[in-house]
Amino acid sequence: MKPRAVTALNLPFPARLMTFPLCGFLYTAVLWMMFSFLPVHLKSRGLSDAMVGVVMGFYSISALVLMIPLGVLSDRVSPKRVLLGGAVLLFMHLVGLRIAQAWYAFLALAVLGGLSWAIFQTVLLALFLKVVSPTQLGVKIAVYQMGSYLGFGLGPLLAGSLWGDADYVRMLGFAVAGAALLIVLVLTLQDSDPIRFNLGDYRKDLKQPRALVFLAVWMLYATHFGVEQTSYTLLMRHDLGFTSAQVGWTYMAVGLWMAVIAPATGRGFDARQSVVWLLALGLVISSIFQGLTAYAQAPSQMIAVRVMHTTGDVPVILAMGIMTAAFFPQGRLGGHSAVVYAVRTLGVFAGNYAAGLVIPLVGYRGTFVASGVLVLVGSLVLLPWIRRVLHMQEPSA
């Protein structure tokens, strides 16, 4: 990519942009405080495995309803205001989750939570990519993603520790407080100017062969996230007998590891300027250890196998951010980030729904084996196209 003019503040990651990874950290921590033990809570309310899969899937599929319109809206209006609305929706969702009892209430709240999820997954990254300079882009995106990785680890750890002395509903009180703090933190974000454009420009951008291959790989890979959301905590709690604290420490160890290796992975991209090696190596490692998750027995074994699994996840997720910035024009990144996450969300929902269906047949362990095999075989099939078209160059304006 051709570098744009560098601002006077020529630091690897300007202090004025640190609010972005902080927002990512706080949002992800709050989200996973809720998500990590939600399947167990739903089971305690009498929902079947199939219905648990449906509720978890509704978080994903409901995000699709307004994901792309919200992304386009964030290009045309203030992205910061859109994010503020997402933070308010998260707060309302968590308050409602504390009092819900019936399955239809959980489905309704999943829709509300899914909309908040859609906003933060698409608009926060798009706004960050709009205001950051392209020099050392791999490291900058990696630092941005570090916030989410740490939140992914700390949220379940706090939830597991707090639940050890309370219950899920009382634990959610801390998540509600975190959502209130997030509303304040969003107000400190640097905003970007809206632009005017023809909606047909989005279609032109998406017809690029490299964009189509990128989205196909991303959807395939995202199916394993859905399996994890539905089966991972239940595997540790029901099949392996882990305590809530042990589940929390497992998440924390993995999230901390991802945060540690992200900057090195970003520096590796900045040196090579190629996403092919990030994708190919990451997909293989991630899928192999996704399958091997089924064979872990003790907390230490689970941590070890999930650390190896996420050693593959980190380069794939980094490649997603880099390709979003490289393949699409800067002014339309809101809409295109929404398309990227809409495709990801379809993959997550497919994993949620499939896991709910096959758990009665193969158990929680079997879903991980099937997920790993699917991603590995699919990645090998797509590898020739990955090598042929996923090259880096500046998109047209």
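**Exercises on a predicted model**

Helix 9 and helix 12 are roughly antiparallel to each other. This is a predicted model, where local features need pLDDT of at least 70 and side-chain atom pairs count only at pLDDT 80 or more, while totals for chains, interfaces and linings use all residues. Residues are numbered from 1 along each chain as its sequence is written, and side-chain values use heavy atoms, leaving out hydrogens and water.

**Exercise 1.** Describe how helix 9 and helix 12 pack.

*Solution.*
- Take the angle: helix 9 (residues 209-239) and helix 12 (residues 299-327) pack at about 150°.
- Apply the cut-off: angles over 145 degrees count as roughly antiparallel, under 35 as roughly parallel, 65 to 115 as roughly perpendicular and the rest as oblique.
- Add the distance: the axes of helix 9 and helix 12 are 11 Å apart.
- Add the hand: the crossing of helix 9 and helix 12 is left-handed.

**Exercise 2.** Classify the pair of Phe-152 and Tyr-251.

*Solution.*
- Rings pair if their centres lie within 6.5 Å; planes under 30 degrees apart count as stacked, over 60 as edge-to-face and the rest as tilted.
- The ring centres of Phe-152 and Tyr-251 are 5.4 Å apart and the planes stand at 70°, so the pair is edge-to-face.
- Place the partners: Phe-152 is in helix 6 (residues 137-163) and Tyr-251 in helix 10 (residues 244-272), 99 residues apart.

**Exercise 3.** Is Phe-152 buried or exposed?

*Solution.*
- Buried means under 20% relative accessible area, exposed over 50%, partly exposed in between (1.4 Å probe, protein chains only).
- Phe-152 has 19%, so Phe-152 is buried.
- Tyr-251, with 3%, is buried.

Definitions and conventions
Axes fitted to C-alpha atoms, helices over the stretch in contact; angles between N-to-C directions. Helix = DSSP H or I, 4+ residues; strand = E, 2+ residues; numbered from the N terminus. Left-handed = near helix turned anticlockwise from the far one by under 90°. Phe/Tyr/Trp six-rings, centres within 6.5 Å; stacked < 30°, edge-to-face > 60°.
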